[in-house]
Each structure stands twice: as C-alpha cells, then as structure tokens.
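Reader: I should be grateful for a close look at one part of this structure, namely an open sheet and what lies against it. Please continue from there to a helix elsewhere in the chain and to the charged pairs.

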Amino acid sequence: MDSQTLRRIRSSFPILNTRVDGKPLIYFDNGATTQKPREVIDAITQFYRKENANVHRAAYHLSSLATAHFEQARGQLAQFINAKPNEIVWTRGATEGLNLVAESYLRPILKAGDRIVIAISAHHAAILPFQRLAQQVGAHLDVIELTASGELNSDQYQSYLKLNPKLVALPHASNVLGTVYPIKEMVKLAKREGLTTLIDGAQAAPHLVLDMQDLDADFYAFSGHKMFGPTGIGVLYGKEALLNAMPPWQVGGEMIESVSLTETQYAEAPLRFEAGTPDIAGAIGLAAAAEYLNNLDRAEIEEHEQQLTSHLLQGLKSIEGIKILPAGEFSLPIVSFYHETINADDIAAQLDAQGIAVRAGSHCAQPLMQSFGLHSSVRISLAFYNTIEELDTCIALLRSLCSHQPVTSDETSNSDSAKLWIEQVEQAKDWPTRLNALMSLGSVSIDPSLKRPENLVTGCASQTWLKLSSEKGFIQFDGCSESRQITALIQLFKHQIDQGSTVEQIKTYLTDLGLERQLSRTRGNAIQRLIEWLESHDS
C-alpha cells in the first residue's frame, strides 16, 4: 500500500489523532475491537438525528424509514458474506450467535452420550456454551489439539468426525495465535459425514473475504465491533432451512405472528430470533462498516497487513528473551509472545505509558494458554491503518524494556528499598516516571513462601498470592504477584496501613496517584479481595 493511500485511510479514523499522555496513540489491540471510520460514526449519528423510530410495527413515516434502512442493512450484510437476507440474524455479537446455536439448535437434539467437537484454540465464547450444555445433559466434548506448528491436528479432527458428533464448532482463526485454519476443507470433511458445522468468524470477518456459499458451513457467527462497526451488534448466518426448523431462543415482541393466552405462532426466520427492539442504529452502523470494507482494495490491504506482520515478527525475533507463540502456515496480523522473565501485564503497562495499546492476559483462551504452559502473553493485533513506523516505535521500546529491567539496590535492606521506591512513586511528576518507580517497587524481593496454593487468588490477570490474618485487631498481610505492578500496589497498601490510613483513605491515595485503573477486577482481583478484607477488619 502506498503512503498516500495509507494516509487517506488513516484520516478516516478520527481516534487515530488521539494523544495519550502527550504521545500519539498507537493502537495495536484490533483483535479485541477495531476503531471506527467516520462513515460508520456518521451513519449512526444520521439515524439518531433524523430517522430514530422503532421498526416493523408502526405505520407512520419515520418508522417506515427506520424499518427500510434496518432491513436494507440486513441485505447489505447478506451481500457482504454472499448469503440471503433471511439467513442473517442480528445478534449482540459473535458470543450471542454462538449461544443461540447452542440453545436453539443443539439443546433440543442433544442427549446423554452425544458428542460435540470443539478446538482447544477456541475463544471462551466458543467453548463455554457447549461445555455447559454438555454438562447439563451428560454429553461429551471432543477437543481438537494443536500440532507443534500451531495448526489444528487434522488426524485427530477426522477421528472425531467418525464418532458422529451432533455439532462441529470451529474457529475460523485463532484470536491468540492468528492462525487461519483450513475451514473450507474442514467443513467439507464434516459434510461428508453428514454433520452440522458452526464457525466462529469473529477474527476472520475484518480480514478475509467471506463467502457462505463457497464455505458451505451451516452457521457462521461474527461481531460488528471487530470489523470496524459498532459494539453490541453482530451477525449469525444460518442456512434457511435450519433456521426455520429451530425454536426461538428468547421470546417477546417483534418475533411473533400472533399471540393468544393459550397459543403463539412465531415468525419465520430471522425475525423469530430477534425478540424485542433490536439495535437498529447498530445494524445500520455495521452495514456502513461492510460498505466501507467493500470500497477498499481488499487484496491491497491484505498485502499491507501481511507486510506489517512480517516486520513485527522480524523485530520481535531480534529481542533477547522474547518467545513468539506458533501461528501455523497462514495467519492474520495477530502475534502473541511472552518474555522469559518479564510479566506480560508489566510489558503492556510500560507500552501503554508510551501511548501504545496492546493486550496482555489469557485473551479469553485459557485452555490454549494452558496447553503452552502459560498464564498470559502479550498480543499485538494489527489492522490496515497501522504503519511500519508505529511498529518500529513499539519494537524499539520493547528492546529497551527487555534490556533494562528495574532492580533494587544491594546496599539497602528490602524495607529501606521499598520506602525509597514508595517515595519515588509519590513524588513522580508524570505517569511514565511513576510507572518506572512502581516497577522498581514491585521488584523488591519478597518471601518465596507466599507462593503457596492456599494463597493464590483466582480471577487475576496475573497470578497473585495474598496471605491475610488478623489477631486481636492487629492486621497482618503480605502478598506478591507475577506482575510487578500488583506487587507494588500491595506494598503501597501495606505502607498506608502502617501509616494508620483507612481503606477509604487508601483508595483516595491511589486515585490521587493515578492508580485507579489498577483497582478493576480484571487488572487485579487480588486488590479487590484485599480491599474487601481490609474493609471487613477496618475499625
């Protein structure tokens, strides 16, 4: 892609002009959600400013206009994936689409002893609906493992197909590794056995040209917000005959033909799956996103994304201590990696301090991460509006971070070192300086006996251990984490308790230091547990 085209594309995304602590935003978390072009923002604004009304039932002009644009959007999404409009069900996202298939298609036919095929690399949203259903009825999950190169094990997959599963649920691409699986061939193998297939296309939709007639899957789910559209809207494609044979999942207004106190006749698909007032603006916004993508040279942007990925991989491979997770032969512009000694969450925080947004954690794919023996990794997920220059900035920072790890002084005790770094945290004039002090505070050596199973706090982004006790009103606690930030926060809590501060005063203290982002459950469930425990013992 030439520089002029890239500049034109980037100018379509207003948020890319944002600055973070004075630094230009570099957005590398596109696998979680993509940014929105002006065309999508304008389409949503236009609806609310000039067309807002409920759809389908009212006879007045504004409602007719809203209904026409709402159903036009359905037609545009059908065209986008080469399907029929009545095969397009509006959902809140891929997650709801996957749950809909589990509850409306699979539950009525699943019984004890039946089997469901899933992949170990699937997103939690493509595991949990089927895991729960299997547990409830006594069915069995057959899990396709990965090969050493990151591909799904083809021999294992074909052996599972011979067991006559009631559903084969596959990711089109891994949200952690970026691997694009040979879905067309996998669907063909399942069809040969007369099996029903469901594909999670959340990661594929923003990057690949989709053709439901060519793919021949029975169901295909994807989200709007990952393909440059609004949040809270998505699509479940289903073959017409299957959708019309399925009972509704949710019931209410909009999805019926007639209702009496003793009998209800449901509408044909897709309306029978769209109970209540739909996300009308979201559907219109998603159609605008599909149109935006169709107006781009898809081959050109795919080539650009592959160039970005190659450049990123080359840069990461040059940094000592970084290990890249395998992505197979074909992959999306998604790269996950970890460092041998530096916690993923700490890497992400230090990049964030320089305006670079990446994802750290298990990426809603804990079974996959566990198969690698990892708790978390850093994920860089790119889009066509990213640049080589942005990658060079990120790679240079990573190289610096990985070669200059904070250490404490050998000339002072651990207690003195902690006090020193707490002072540095409190006196820092900007966030990057404060973060560096936090990292050093979190590096103060701790008692290794804290890392016992009984002290492990579940639900944390990074593994964290807390030891809590109270005797005769005297509070004692200690803790540590794989994340230096969380370890530092625990140290700050201890320091404040020693100063006689109440829990509310500690919360204010952390907020004044700009550390309130660390108090969310996803960032540190251990901190929430510590707060709750301290509150229960606060005299």
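Author: In this predicted model, an open sheet is built from four strands in the order E13-E14-E17-E16, with antiparallel pairing. The edges are taken by strand E13 (322-324) and strand E16 (359-361); each has a single partner strand, so one side of each is left without a neighbour in the sheet. From one strand to the next, the twist averages 30°. Strands of a sheet pair through backbone hydrogen bonds, in either a parallel or an antiparallel manner.

At the E16 edge, three bridges join E16 to strand E17 (residues 377-381), and the two run antiparallel. Within this pairing, Ala-360 stands opposite Val-378 in E17. Helix H11 (residues 298-317) lies across E13, strand E14 (334-339) and E17, and runs at about 10° to E14.

Helix H5 (residues 128-137) offers a second view of packing, through its buried residues Pro-129, Phe-130, Leu-133 and Ala-134. Because these residues cover an arc of only 125° around the axis, they fall on the same side of H5. An α-helix has 3.6 residues a turn, so residues three or four places apart point the same way. The elements against which the buried residues of H5 pack are helix H4 (94-106) and four strands: E5 (115-119), E6 (140-144), E7 (167-171) and E8 (197-200). After H5 comes Gly-138, which has a positive phi, near 85°.

Two of these strands, E5 and E6, return in the account of the charged pairs. Side chains of opposite charge can pair when their charged atoms come close. With a cut-off of 4 Å between a side-chain nitrogen of Lys or Arg and a carboxyl oxygen of Asp or Glu, the count comes to 20 salt bridges.

One of them joins Asp-142 to Arg-115, with the closest N and O atoms 2.7 Å apart. Asp-142 belongs to strand E6 and Arg-115 to strand E5, so this pair ties together parts that are 27 residues apart in sequence. Asp-142 is buried, at a relative accessible area of 3%, whereas Arg-115 is partly exposed, at 24%. Elsewhere, salt bridges that share partners join Lys-191, Asp-216, Asp-218 and Lys-239 into one network.

Another salt bridge is contained within a helix: Arg-74 pairs with Glu-71, and their closest N and O atoms are 2.7 Å apart. Both residues lie in helix H3 (residues 61-81), three residues apart, which is about one turn of the helix. Arg-74 counts as buried because its relative accessibility is 2%, a value under the 20% limit for that class. Glu-71, by contrast, is partly exposed, with a relative accessible area of 29%.

A further salt bridge brings together the side chains of Lys-84 and Glu-240, at 2.6 Å from N to O. This pair links distant parts of the chain, 156 residues apart: Lys-84 is in the loop between H3 and strand E4 (88-91), and Glu-240 is in helix H9 (residues 240-245). Lys-84 is partly exposed, with a relative accessible area of 40%. Glu-240 is also partly exposed, with a value of 27%.

Methods: Residues are numbered from 1 along each chain as its sequence is written. This is a predicted model: local features need pLDDT of at least 70, side-chain atom pairs count only at pLDDT 80 or more; totals for chains, interfaces and linings use all residues. Side-chain values use heavy atoms; hydrogens and water are left out. Buried means under 20% relative accessible area, exposed over 50%, partly exposed in between (1.4 Å probe, protein chains only). The arc is that of the directions from the helix axis to the C-beta atoms. Contact means heavy atoms within 4.5 Å. Two strands pair if DSSP finds at least two bridges between them. Axes are lines fitted to C-alpha atoms, for helices over the stretch in contact, and angles run from 0 to 180 degrees between N-to-C directions.
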